[in-house]
Amino acid sequence: MRRGLRTSCSVALIAACVVLLAVRCGAGGGPPSPVPAAARGGPGFNSADVMFLQMMVSHQGQGVKLARTARGRPVRPEVATLAAAIETTQLAEIGDMAGRLRGWHRPPTTDPRSHEHDRHGGMPATTDAELKALARTPPDRFERAFLNLLIAHQDDAVQLARLETGKGEDAWTRRLARRVDASRSAQIDRMLTLLGTPAPKNHPRK
């Protein structure tokens, strides 16, 4: 799957660094460096919960942008319906996740200048360059390009969710991660089916 290697490497690095998040050693073997306040856990939640929610707020925002590229484009009705459902669901989830982080007195995302997520393996991302390239895709190739990029994007969410269910502490966040895993996995299966099914000949793909 496209971007699979990048996703696997990012998630593996994130997993390793979440385990070490509370105790980080300097390059020269010196004393542990402090964990940034934005990534710390607290009563009933841990740093993995915080990192998951912060990463997913950004990831969902990218997903909303991606889903919106299908508006007014020559795609099958079922693809348009899926894109609209993803946009609605992910906007709602962004609000819920940001609210949870506010309740913990944690920012919904980290300051990009801090490179906080970079220190923990980076965040899988659908880049602005990929979205711009998709927007320039000719109509007869748009649907396939859209589905391929959306599959890769939703697979990133599945990997992040599975990391949270393995490392997280907060019950609410773990339940959310399980829902994300199930829903995105189902969406990927549906999109793979759509990719393998030719569009009807009377569909306005040209």
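Where is the place of Glu-93? Glu-93 is found in helix H3, and we will come back to this residue after a look at the model around it. What you have in front of you is a predicted model, so let us begin with confidence.

The mean pLDDT of the chain is 80, and 69% of the residues reach 70 or more. Two stretches call for caution. Over residues 11–35 the pLDDT stays under 50, and the model has 33 contacts beyond four places in sequence for this stretch. Residues 116–121 also have a pLDDT below 50, with 24 contacts in the model beyond near neighbours in sequence. Where pLDDT is low, the predicted coordinates should not be read in detail.

Now back to Glu-93. Which residues does Glu-93 touch, leaving aside those up to four places away in sequence? They are Gln-60, Val-180 and Arg-184. With Arg-184, Glu-93 forms a salt bridge in which the closest N and O atoms are 2.5 Å apart. This pair links distant parts of the chain, since Glu-93 belongs to helix H3 and Arg-184 to helix H6 (residues 171–195), 91 residues apart. Is this pair buried or exposed? Glu-93 has a relative accessible area of 11%, so it counts as buried. Arg-184 is buried too, because its relative accessible area is 1%.

How many salt bridges does a search of the whole structure find? There are 6, and two more of them are worth a visit. Glu-87 forms a salt bridge with Arg-71, and here the closest N and O atoms are 2.6 Å apart. Glu-87 sits in helix H3 (residues 77–103), while Arg-71 is in the loop between helix H2 (47–68) and H3, 16 residues apart. The two partners contrast: Glu-87 is buried, because its relative accessible area is 10%, whereas Arg-71 counts as exposed, because its relative accessibility is 54%. These two residues also have company, as Arg-68, Arg-71 and Glu-87 are linked in a network of salt bridges.

The next stop is the salt bridge between the side chains of Glu-143 and Arg-76, at 2.6 Å from N to O. Glu-143 lies in helix H5 (residues 139–167) and Arg-76 in the loop between H2 and H3, so this salt bridge ties together parts that are 67 residues apart in sequence. Glu-143 counts as buried, because its relative accessibility is 2%. Arg-76, at 4%, counts as buried as well.

Let us turn from charges to nonpolar residues. The largest nonpolar core has 21 residues, of which Leu-66, Phe-146 and Leu-147 touch the most other members. Which elements give two or more residues to this core? They are H2, H3, helix H4 (128–135), H5 and H6. The largest share, 7 residues, comes from H5. Leu-147 shows what such contacts look like: not counting residues up to four places away in sequence, Leu-147 touches Val-79, Met-191, Leu-194 and Leu-195. Apart from this core lies another one, of 19 residues, including Phe-45, Val-64, Ala-157 and Ala-161.

Aromatic rings come next. A search of the whole structure finds 2 aromatic pairs. In one of them, the rings of Phe-45 and Trp-104 have their centres 4.0 Å apart and their planes at 0°, so the pair is stacked. Phe-45 is in the loop between helix H1 (4–19) and H2, and Trp-104 is in the loop between H3 and H4, 59 residues apart, so to speak of this pair is to speak of a link between distant parts of the chain. Both Phe-45 and Trp-104 are buried.

Phe-142 and Phe-146 form an aromatic pair that is stacked as well, with 5.8 Å from centre to centre and 15° between the planes. Both residues lie in helix H5, 4 residues apart, which is about one turn of the helix. Phe-142 is buried, because its relative accessible area is 0%, and Phe-146 counts as buried at 1%. The ring of Phe-142 has another partner: the charged end of Arg-73 sits over the ring, 4.0 Å from its centre. Phe-146, for its part, brings us back to the largest nonpolar core, where it is among the residues that touch the most other members.

Notes: Residues numbered from 1 in each chain as written. Heavy atoms only, no water. pLDDT = per-residue confidence, 0-100. Contact = heavy atoms within 4.5 Å. Salt bridge = Lys/Arg side-chain N within 4 Å of Asp/Glu carboxyl O. Buried < 20%, exposed > 50% of the residue type's maximum accessible area, 1.4 Å probe, protein only. Core = buried A, V, L, I, M, F, W, Y, C linked by side-chain atoms within 4.5 Å. Phe/Tyr/Trp six-rings, centres within 6.5 Å; stacked < 30°, edge-to-face > 60°. Lys NZ or Arg CZ within 6 Å of the ring centre and 35° of its normal.
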